[in-house]
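Please open the model in your viewer and keep the sequence panel beside it. The stops below go from one pair of strands to the whole chain and then to the domains.

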Amino acid sequence: MQKIYLDNAATTPIRQEVIDEMVRVMQTEYGNPSSTHSIGRSSKAIVESSRKIIAKHLNCSAQEIIFTSSATEASNWILKSCVKDLGIKRIVSSKIEHHATLYTIQALENEFDVKVEYINILPNGNLDYTHLENLFASNDKTLVSLMHVNNEIGVVNDIKRIGDLCQQNNALFHCDTVQSIGKMVIDLQELNIDFLVSSAHKFHGPKGIGFAYINKKNVLQPLLFGGEQEKGWRAGTEAVHQIAGLSKALDLSFQNIENEAKYVLELKQYCWGKLKNNFPEIKENGENTFYNILNVLLPFTEEKTAMILFNLDIKGIAVSRGSACQSGSVKPSHVLAQMLRDDDLKKPSLRISFSHYNTKEEIDVFIKELKEI
Ligand code: PLP
């Protein structure tokens with residue numbers, strides 16, 4: 001059976017060139033980057049050149065990039081150290097952040113003397129910027145934690161505006177850019193971002209590797225203690241093949257960024273057009289959404305809702321209800337719960353997310369199968 005993968009916001013297939021590079025590194029670059037002999041130094045050189053590639057694409061300095069096992073780890077580290085070590089007394093965030101941010105903030109609120117305030121979300125999924133501006137009227141040392149592109153509905157926050165507001169109000173800005181890095185240009189010299197997190201498996205790289213950007217004016221303390229890797233900020237022997245895979249994947253994404261973005265946007269528009277023709281009462285969840293994510297509310301009955309993902313899955317079609325971590329769970333998505341009315345929340349919402357590996361033919365099959373449910 002042909003498999004149709006339309007769940008690229010959950011994770012992406014790895015590019016063949018990335019696999020080839022990782023295999024090469026595993027076969028030939030087995031040295032420990034901390035070893036002083038030439039075999040170790042050669043591995044270290046891969047780690048450092050990977051760091052430089054990332055820094056070049058984000059327009060920051062290589063020393064501001066720290067490798068982690070995931071974006072989840074990077075956000076946990078940053079948020080925790082901001083509260084413990086940088087004297088943050090107040091966190092401003094939103095209830096539609098990824099759980100890597102939300103649950104970390106909740107844990108910090110329970111453990112430390114830190115107040116948390118959430119920005120209102122408008123019914124179209126966008127942030128209420130007036131509310132954000134009002135939230136700055138406080139003397140507490142504040143960290144703003146807001147994502148760039150939402151992983152469930154694809155709404156895009158204005159990170160230039162948020163960063164500028166943070167700078168004017170002396171607040172720090174942590175930004176989860178997991179869904180946007182590798183898919184659009186992010187110039188860190190143009191943006192007032194203090195901390196950013198990213199994950200390779202969202203841009204056709206390997207799982208289990210990510211990085212944090214820590215603006216050099218902020219000095220955090222480590223989450224993990226041990227060796228002197230990553231200048232002591234992230235102990236543990238570097239996953240050299242993963243790091244090489246991450247930088248290769250990011251480099252390839254940037255080499256192809258315009259063509260792939262155009263192609264993926266066309267696929268999304270094609271899919272939305274066909275959905276509207278076949279299900280005239282369909283609605284999009286979110287407005288001004290990113291080019292690879294389409295989250296729709298289907299005009300289906302409650303009985304159909306329960307079986308929809310299962311029925312698509314047995315036909316070999318992978319899409320998502322809410323976010324990947326919630327597929328199969330009966331809880332409504334925490335993101336949609338902030339935006340939709342109760343009756344709409346009971347209807348099925350599907351997240352369809354595309355990559356350049358998808359085709360219009362696949363979308364035709366998806367629509368056909370959806371009609372047959
Ligand atoms: N933030 C967002 C917006 C995500 O989509 C994800 C992955 O689902 C994460 C954070 C977590 O990333 P990782 O898988 O690297 O922990």
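In what sense do strand β3 and strand β4 pair, and over how many bridges? Select residues 90–94 for β3 and 115–119 for β4: the two pair in the parallel sense, over five bridges. Strands here are DSSP runs of E with at least two residues, helices are runs of H or I with at least four, and both are numbered from the N terminus; two strands pair if DSSP finds at least two bridges between them. Within this pair, S94 stands opposite I119 in β4. Now add helix α4, residues 99–111, through which the chain crosses from β3 to β4 in a right-handed β-α-β crossover. Right-handed means that, with the strands pointing away from the viewer, the path from the first strand over the helix to the second runs clockwise.

This is a predicted model, in which local features need pLDDT of at least 70 and side-chain atom pairs count only at pLDDT 80 or more, while totals for chains, interfaces and linings use all residues. Residues are numbered from 1 along each chain as its sequence is written, and side-chain values use heavy atoms, with hydrogens and water left out.

Next, colour by pLDDT, the predictor's confidence in each residue from 0 to 100. The chain has a mean of 95, and 97% of its residues reach 70 or more. Over residues 323–327 the value is below 50.

Finally, colour domain 1 (4–13 + 257–372) and domain 2 (16–255), whose bounds come from an automatic or database domain assignment. Their centres, taken over C-alpha atoms, are 27 Å apart.

Methods
Contact means heavy atoms within 4.5 Å.
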